[in-house]
Amino acid sequence: MTMLKRILIVLVLLALVALGGWLWVSRPDKAQLSEQAVTGRTPQLTQTRSESVPTVGIAKPVGWAGGAKPTPAAGLEVAAFADRLEHPRWLYRLPNGDVLVAETNSPPRKSGGITGWVMERLLGQAGAAVASPNRITLLRDSNGDGVADQRSALLTGLNSPTGMALVGSWLYVANTDALVRYPFTPGQTKITAKPEKILALPGGGNHWARNVVAAPDGKTLYVSVGSASNIAENGLEAEGAIYAGGPRANFAKDGRALILEVSPDTRYARVFAWGLRNPNGMAFEPKTGALWTVVNERDMLGSDMPPDYLTKVDFGAFYGWPWNFWGGYVDKRVTPERPDLREYTRRPDFALGAHVAPLGLSFASDAKLGGNWANGAFVGLHGSWNREPKSGYKVVYVPFADNGFPVRDAKPVDLLTGFLSADGKTTRGRPVGVITDASGALLVADDVGNVIWRVSAATAK
């Protein structure tokens, strides 16, 4: 055995010992409140419990064996719209009814050392460490029976794509490192044209997925960019000039934890809102036309805090990250401090629960699921990895009032459950993107189960 091999074996053994000690001394922070208590317009909030070692709870993915499927709410039914996919995360419906699915995952992570090794193991246990397929697949239900009977690889060779938006004759795709577009006409099943870059984006990091939505008038695009870290622990410079206080000209170019407003024809981009740790799903509320987003909040403040949220996004608004959360609660772990920003921190509109990881967002304007689901927002909760007991792992519905905001005393309503086992040790899938199909049913991308589920109003037997 060579000296190099001996050294490598010793290093591996030391890493294993370190990991074992880390797991041994770690005492998971257990929730003192129910998941539902930390929801709504006025959630119940507790004192934070700062963790030097994060609470880690990974639900082992087991898939949907033997014809198993999720559990829909009363009056609804569920079936597979498409299966045998590769990590489907995001969905987009074309005007002709075709459905695009981004089969995608994180780009290769660059973090090294024991921390990087542990993160790789945790992602693997959660079913999130598979290589990114880097593909957008087109699904077509040619006979209208609720099952995709045709599929084709519309685009391949992408770079961890997520958001998609059709504006005129252009299909926009948000890769992890750039917003690009392709000439496209609905009905096409393959795009061979080269991409045209509209805007470079800071890629990778803890939050790699980039979304894009088009304003109702089609003239403006909105692009979400998550933070590179939990609370800027790698330095504010890694989150862009807007956080580090650099030249204003660089704010849109390198900024993270924000939503950009982009003019695709001029390539001009400006910060629309910032202080959003990981905004992913975005959608326009149909009555007011306002932009809304769901946001994953910070970790390691205990299993009850802070709540992830759904909020209306206003131009120029600051939502607190990394210095504050939920409208002004100070995160004392962040340095340097910015007390001057506290009074300007916007309070979110609706709490979805602590660590539920909301990703998908769609409004019910063209849903046909019945009166209980006619005016509100559908949210895909990907599920926690750092809460005990686990939270999320389901699709919920947030009822809205006619004023374009959530009903005052409303709580999220479970629409699709059954992903997580009763003991929380295993999960059959994890919901991500949610959209309505041409018939008004709800489609849910399950990136661990590798299925797109279709939820529809129950038919009479």
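Student: How many bridges join β13 to strand β14, and in which sense do the two run?

Tutor: As a general idea, strands of a sheet pair through backbone hydrogen bonds, either parallel or antiparallel. In this structure, which is a predicted model, β13 is joined to strand β14, residues 221–225, by 5 bridges, and the two run antiparallel. To see one such bridge, look for Val213, whose bridge partner in β14 is Tyr222.

Student: Which sheet do these strands belong to, and in what order do its strands lie?

Tutor: They belong to an open sheet of 4 strands, which has the order β13-β14-β15-β16 and antiparallel pairing. Its edge strands are β13 and β16, the latter covering residues 268–274, and each of them pairs on one side only. If you look at directions, neighbouring strands of this sheet are turned by 25° against each other on average, with direction ignored.

Student: Is Ser224, in strand β14, buried or exposed?

Tutor: A residue is called buried when its relative accessible area is under 20%. Ser224 lies in strand β14, and because its relative accessibility is 0%, Ser224 counts as buried. You can also follow the side chain of Ser224, which reaches the backbone oxygen of Pro279 at 3.3 Å.

Student: And what about Tyr268 in strand β16, is that residue buried or exposed?

Tutor: For exposed residues the cut-off is over 50%. Tyr268 is found in strand β16, and because its relative accessibility is 52%, Tyr268 counts as exposed. Sequence and space can also be read side by side here: Tyr268 and Leu199 are 69 residues apart in sequence, while their C-alpha atoms are 8.5 Å apart in space.

Student: Which strands form the other open sheet, the one that contains β28?

Tutor: Here again you read the order of the strands and then the sense of their pairing. The 4 strands of this open sheet stand in the order β4-β30-β29-β28, with antiparallel pairing. The edge strands are β4, residues 76–82, and β28, each of which pairs on one side only. Neighbouring strands of this sheet are turned by 25° against each other on average, again with direction ignored. Within the sheet, strand β29, residues 442–446, and strand β30, residues 451–457, pair in the antiparallel sense over 5 bridges, and Ala445 has Ile452 in β30 as its bridge partner.

Student: How should I read the second largest pocket, and what lines it?

Tutor: A pocket can be read from its volume, then from the residues around it, and finally from their classes. The second largest pocket holds about 790 Å³ of space. It is lined by 29 residues, of which Tyr92, Val213, Ala283, Ser362 and Ile435 are the closest to its centre. Several strands supply at least two residues each to this lining, among them β5 (88–93), β13 (210–214), β17 (279–284) and β28 (431–436). By class, the lining has 21 nonpolar, 6 polar and 2 charged residues.

Student: How many cavities of 30 Å³ or more does the structure hold, and which residues line the largest cavity?

Tutor: A cavity differs from a pocket in that a probe fits inside but cannot get out. The structure holds 1 cavity of 30 Å³ or more, and about 40 Å³ of space lies in the largest cavity. Its lining consists of Glu35, Gln36, Thr39, Leu352, Leu381, Lys394, Val396, Pro412 and Asp414, which by class gives 4 nonpolar, 2 polar and 3 charged residues.

Terms used: Residues are numbered from 1 along each chain as its sequence is written. This is a predicted model: local features need pLDDT of at least 70, side-chain atom pairs count only at pLDDT 80 or more; totals for chains, interfaces and linings use all residues. Side-chain values use heavy atoms; hydrogens and water are left out. On a 1 Å grid over the protein atoms alone, a cavity is a set of points where a 1.4 Å probe fits but cannot get out, and a pocket is an open set with protein on both sides within 12 Å along at least five of seven lines; lining residues have an atom within 4 Å of a point. Grid points are joined across faces, edges and corners, and a volume is the space filled by probe spheres set on the points. Ala, Val, Leu, Ile, Met, Phe, Trp, Tyr, Cys and Pro count as nonpolar, Asp, Glu, Lys and Arg as charged, and the others, Gly among them, as polar. Two strands pair if DSSP finds at least two bridges between them. Axes are lines fitted to C-alpha atoms, for helices over the stretch in contact, and angles run from 0 to 180 degrees between N-to-C directions. Buried means under 20% relative accessible area, exposed over 50%, partly exposed in between (1.4 Å probe, protein chains only). A polar contact is a pair of N or O atoms within 3.5 Å; within protein, one must be able to donate a hydrogen and the other to accept it, and residues adjacent in sequence count only if both atoms are side-chain atoms.
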